[in-house]
Amino acid sequence: MHKASVPPIVIEAQQLTKVFMQKQQSVQALRGVDLQVRSGDFTVISGPSGSGKTTLLNILGLLDVPTSGRVSFEGHDLAGAKPADLAALRRDHIGFVFQAYNLMPVLTAVENTEMVMEFQGVPANERRRISAELLQALGLGELMDRFPDQLSGGQQQRVAVARAIASKPRLVIADEPTANLDSKTADSLMDLMSELNHKHGITFVFSSHDPHVIQRARRVLTLRDGIIVNDSAAPEAAHAA
Ligand SMILES: Nc1ncnc2c1ncn2[C@@H]1O[C@H](COP(=O)(O)OP(=O)(O)OP(=O)(O)O)[C@@H](O)[C@H]1O
């Protein structure tokens with residue numbers, strides 16, 4: 001039988017734990033998470049509020065470090081990596097879409113979209129061309145010169161997606177990307193992300209408890225109390241939890 005080759009691993013987590021100290025009390029947000037994200041994955045992390053989704057995404061996005069366990073990016077173990085090295089990896093290879101969009105209020109939609117490319121040193125005319133094309137494709141061609149507070153929530157969300165993908169990252173991390181969006185806008189955002197995944201092979205990992213989103217994912221990981229209790233990609237998933 002023909003066996004398709006397995007895509008390379010983008011990010012791998014082994015036995016991740018994360019403990020937060022909160023007023024002298026420790027909160028164990030992750031309790032031993034193992035995970036491999038492969039190139040081209042379209043994976044959702046689901047689970048109830050407080051189960052550790054954001055904590056896990058922050059670690060996979062190299063924004064935070066685990067209390068114990070290992071993270072490697074494209075085969076490079078990041079144990080002991082300097083903050084500047086992690087920042088460079090994030091800038092060059094990872095796009096982020098946060099719940100609060102995190103757009104810069106003093107920059108227009110097109111300027112927000114250009115931001116990461118500016119840090120990367122992409123020439124001004126080139127980054128303007130890429131950003132304008134992307135915003136056009138996202139239906140925001142007419143709104144490029146508006147500031148975030150002149151855009152609806154769904155439009156801001158699309159600018160955040162444009163910014164996340166403009167620099168052609170290998171991996172996009174999206175924390176509850178459809179939260180606060182009406183179901184029609186949420187659906188079109190999911191269409192866009194799956195198109196980017198199919199056409200451009202961008203790897204997506206996002207968190208959500210929205211059933212609409214979960215059913216669109218190719219792989220669903222369920223977190224509960226800081227542990228993966230179900231992985232739809234694992235043959236033994238049906239027996240887990
Ligand atoms: N900076 C922090 N300091 C203290 N505790 C934290 C911190 N961040 C998260 N926690 C705790 O860790 C646990 C996991 O939180 P996390 O935000 O990862 O969950 P979540 O699944 O993303 O939740 P939600 O769906 O509500 O966003 C929770 O008990 C939370 O209170």
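**Exercise 1. The ligand shell**

Task: In this predicted model, list the residues that surround the ligand, then sort them by element and by character.

Solution.
Step 1. The residues around the ligand are Phe-20, Gln-22, Val-27, Ala-29, Gly-47, Ser-49, Gly-50, Ser-51, Gly-52, Lys-53, Thr-54 and Thr-55.
Step 2. Two or more of the shell residues come from each of strand S1 (9-22), strand S2 (25-38) and helix H1 (53-60).
Step 3. The largest share is that of H1, which supplies 3 residues.
Step 4. By character, the shell holds 8 polar residues, 3 nonpolar ones and 1 charged one.

**Exercise 2. The sheet of 4 strands**

Task: Give the strand order of the open sheet of 4 strands, find its edges, and place H1 against it.

Solution.
Step 1. The order is S2-S1-S4-S5, and the pairing is antiparallel.
Step 2. S2 and strand S5 (76-77) each have a single partner strand, so they are the edges and one side of each lacks a neighbour in the sheet.
Step 3. The pairing of S4 with S5 is antiparallel and rests on 2 bridges. Ser-72 has Asp-77 in S5 as its bridge partner.
Step 4. H1 lies across S1, S2 and S4, at about 125 degrees to S1. H1 is also the element that gives the most residues to the shell around the ligand.

**Exercise 3. The sheet of 6 strands**

Task: Work out the order of the open sheet of 6 strands and name the strands at its edges.

Solution.
Step 1. The strands follow one another as S6-S7-S8-S3-S9-S10, with mixed pairing.
Step 2. Strand S6 (94-97) and strand S10 (227-231) are the edge strands, since each pairs on one side only.
Step 3. On average, neighbouring strands of this sheet are turned by 20 degrees against each other, direction ignored.

**Exercise 4. Pairs within the sheet of 6 strands**

Task: For S6 with S7, S3 with S9, and S9 with S10, state whether the strands run parallel or antiparallel, and give one residue pair for each.

Solution.
Step 1. S6 and strand S7 (residues 171-175) run parallel and are joined by 4 bridges. Ile-94 is bridged to Leu-171 in S7.
Step 2. Helix H5 (residues 153-166) lies across S6 and S7, and runs at about 170 degrees to S6.
Step 3. Strand S3 (residues 42-46) pairs with strand S9 (residues 219-224) in the parallel sense, over 4 bridges. The partner of Thr-43 in S9 is Arg-219.
Step 4. Between S9 and S10 there are 4 bridges, and the sense is antiparallel. Here Leu-223 stands opposite Ile-228 in S10.
Step 5. The hairpin of S9 and S10 has 2 residues between the strands, and Asp-225 takes a positive phi near 45 degrees in this hairpin.

**Exercise 5. The whole chain**

Task: Count the helices and strands of the protein, and decide whether it is as compact as a globular protein of that length.

Solution.
Step 1. The protein has 7 helices and 10 strands.
Step 2. Its radius of gyration is 18 Å, close to the 18 Å that the globule rule gives for 241 residues, so the protein is as compact as a globular protein of that length.
Step 3. The C-alpha trace spans about 50 × 40 × 40 Å along the principal axes of the protein.

**Exercise 6. Confidence**

Task: State the average pLDDT of the protein, then find which elements have the lowest and the highest mean pLDDT.

Solution.
Step 1. The average pLDDT is 90, and 95% of the residues score at least 70.
Step 2. Among the elements, the lowest mean pLDDT is that of helix H6 (residues 183-200), at 84, and the highest is that of strand S4 (residues 68-73), at 97.
Step 3. Over residues 237-241 pLDDT stays under 50, and the model has 7 contacts beyond four places in sequence for them.
Step 4. For the model, ipTM is 0.97 and pTM is 0.89.

Note on methods:
Residues numbered from 1 in each chain as written. Predicted model: local features only at pLDDT ≥ 70, side-chain atom pairs only at ≥ 80, totals over all residues. Near = placed C-beta within 6 Å. Nonpolar A, V, L, I, M, F, W, Y, C, P; charged D, E, K, R; others polar. Pairing = 2+ DSSP bridges. Axes fitted to C-alpha atoms, helices over the stretch in contact; angles between N-to-C directions. Contact = placed C-beta atoms within 7 Å. pLDDT = per-residue confidence, 0-100. Rg over C-alpha atoms; globule rule 2.2 N^0.38 Å.
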